[in-house]
Structure formats: structure tokens, C-alpha cells
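I opened the notebook to record what I looked up in this model. The entries go from the whole chain to single residues.

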Amino acid sequence: MSENKSLTKNEIKQLSGLTLAYLGDASWEVVVRDHLVQSGLTKPKDLHKAATEFVSAKGQALLVEAMQAEEGFLTEDEMTIFKRGRNAKSHSSAKNADIHTYRIATGFEALMGFAYLNDQNRFKEIAAFCIQYILHAQKEEQENG
């Protein structure tokens with residue numbers, strides 16, 4: 001973390017959806033990579049394959065859906081930030097997802113960037129929810145698949 005002046009809560013709320021998504025993408029990626037290494041994966045090929053499931057636009061869109069389904073999980077401010085990211089006009093395009101899914105994923109990343117800057121405990125809580133959701137989905141897929 002930087003030792004420079006921290007942004008105020010108001011300054012954080014004023015950041016663009018794409019700026020928050022930029023930071024959220026990186027912070028979520030670190031959480032995922034840490035989880036995968038902690039779970040025992042060590043081969044770069046295996047790590048990359050496993051990480052893709054966690055960080056893909058489709059996967060992130062499913063995580064948003066799960067958080068929204070959990071009544072009261074996301075605060076009003078968090079929903080506002082998610083929508084700001086989702087509705088942001090991006091100049092990049094989705095590689096492996098339709099535009100709707102890509103925009104939802106951008107909203108997820110904006111939410112993660114906001115939580116990362118605004119409240120580290122909340123960031124960890126959201127990240128833990130997401131990791132647990134993915135692990136549960138993987139377990140169900142293995143049992144049914």
C-alpha cells in the first residue's frame with residue numbers, strides 16, 4: 001500500500017466507475033491468486049486455468065447475481081457503485097462475453113475497487129462471500145456433473 005495521502009470517503013465516492021473497476025480488477029485478481037496458492041495449486045498452467053473461472057466476466061456476473069440474491073448483503077452505496085461501473089462507457093470490449101455480461105462484470109470490479117479503497121474489512125467480507133460461492137458452485141458441479 002502507498003504511504004501517500006489516503007483518499008477521503010467522499011473522494012472515493014467521486015471516482016469514476018472505470019477507475020474503481022481498474023483497481024477492483026487488480027484487487028480481486030490478488031484475492032483469487034492468493035486463494036489458489038493457499039489451496040495448494042503450484043503449477044502456473046493449473047493456476048491460470050483455475051483463476052480464469054474466478055475472474056472471467058461470466059463468473060463475475062454470476063457473483064453479482066449471488067450477492068443481489070442474498071437480501072441485504074449489498075448496501076445502497078455498494079449498489080450505486082456497482083451500477084456506476086456497469087453503466088460506464090468503456091472503450092474496451094469483451095473478449096469472451098457478450099456486452100451485457102461484460103458490463104455487469106465491470107460493475108463487479110467497480111464494487112470491489114470501491115470496497116478495497118473504502119473499507120478493507122468489507123472488501124474481505126465481499127471477497128470471502130465470492131470465494132465461498134464459487135467453491136460451493138464447483139462442488140455442486142462435481143457432484144452433478
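**Entry 1, fold.** I read the elements from the N terminus on, and they run α-α-α-α-α-α-α. My tally for the chain is seven helices and zero strands. I note here that the model is predicted.

**Entry 2, overall dimensions.** I looked up the radius of gyration and found 15 Å for the chain. A compact globule of 145 residues would have a value near 15 Å, so the chain agrees with that expectation. I also took the extent of the C-alpha trace along its principal axes, which is about 45 × 35 × 30 Å.

**Entry 3, burial and surface.** I asked what share of the 145 residues is buried. Buried residues make up 37% of the chain. For the accessible surface I have about 9,500 Å². Carbon and sulfur atoms account for 51% of that surface.

**Entry 4, contacts along the sequence.** I took the contacts between residues at least 6 apart in sequence, and 71% of these join residues at least 24 apart.

**Entry 5, charges.** I counted 17 positive and 20 negative charges in the chain. The mean positions of the two sets are 5 Å apart.

**Entry 6, Asp25.** I checked UniProt for annotated positions; an unreviewed entry lists Asp25 under "active site". The annotation may be inferred rather than shown by experiment, and I log it as a record only. In the model I find Asp25 in helix 2, which covers residues 17–38. Is Asp25 buried, partly exposed or exposed? Its relative accessibility is 35%, and because partly exposed lies between the 20% and 50% limits, Asp25 counts as partly exposed.

**Entry 7, Ser6.** I placed Ser6 in the segment before helix 1, the helix of residues 9–14. The relative accessible area of Ser6 is 59%, so I list Ser6 as exposed. I then looked up its separation from Leu117, which is 111 residues away along the chain. The C-alpha atoms of Ser6 and Leu117 are separated by 8.8 Å.

**Entry 8, Asp77.** I located Asp77 in helix 5, residues 76–87. With a relative accessibility of 38%, Asp77 counts as partly exposed. How far apart are the C-alpha atoms of Asp77 and Lys13? I have 8.8 Å for this pair, with the two positions 64 residues apart along the chain as the sequence offset.

Key
Residues are numbered from 1 along each chain as its sequence is written. This is a predicted model: local features need pLDDT of at least 70, side-chain atom pairs count only at pLDDT 80 or more; totals for chains, interfaces and linings use all residues. Side-chain values use heavy atoms; hydrogens and water are left out. Helices (H or I, at least four residues) and strands (E, at least two) are DSSP runs, numbered from the N terminus. The radius of gyration is taken over C-alpha atoms; the globule rule is 2.2 Å times the number of residues to the power 0.38. Buried means under 20% relative accessible area, exposed over 50%, partly exposed in between (1.4 Å probe, protein chains only). Contact means heavy atoms within 4.5 Å. Accessible areas come from the Shrake-Rupley method with a 1.4 Å probe; for residues, only the protein chains shown count as cover. Lys and Arg count as positive and Asp and Glu as negative; His and the chain ends are not counted. The place of a charge is taken as NZ of Lys, CZ of Arg, CG of Asp or CD of Glu.
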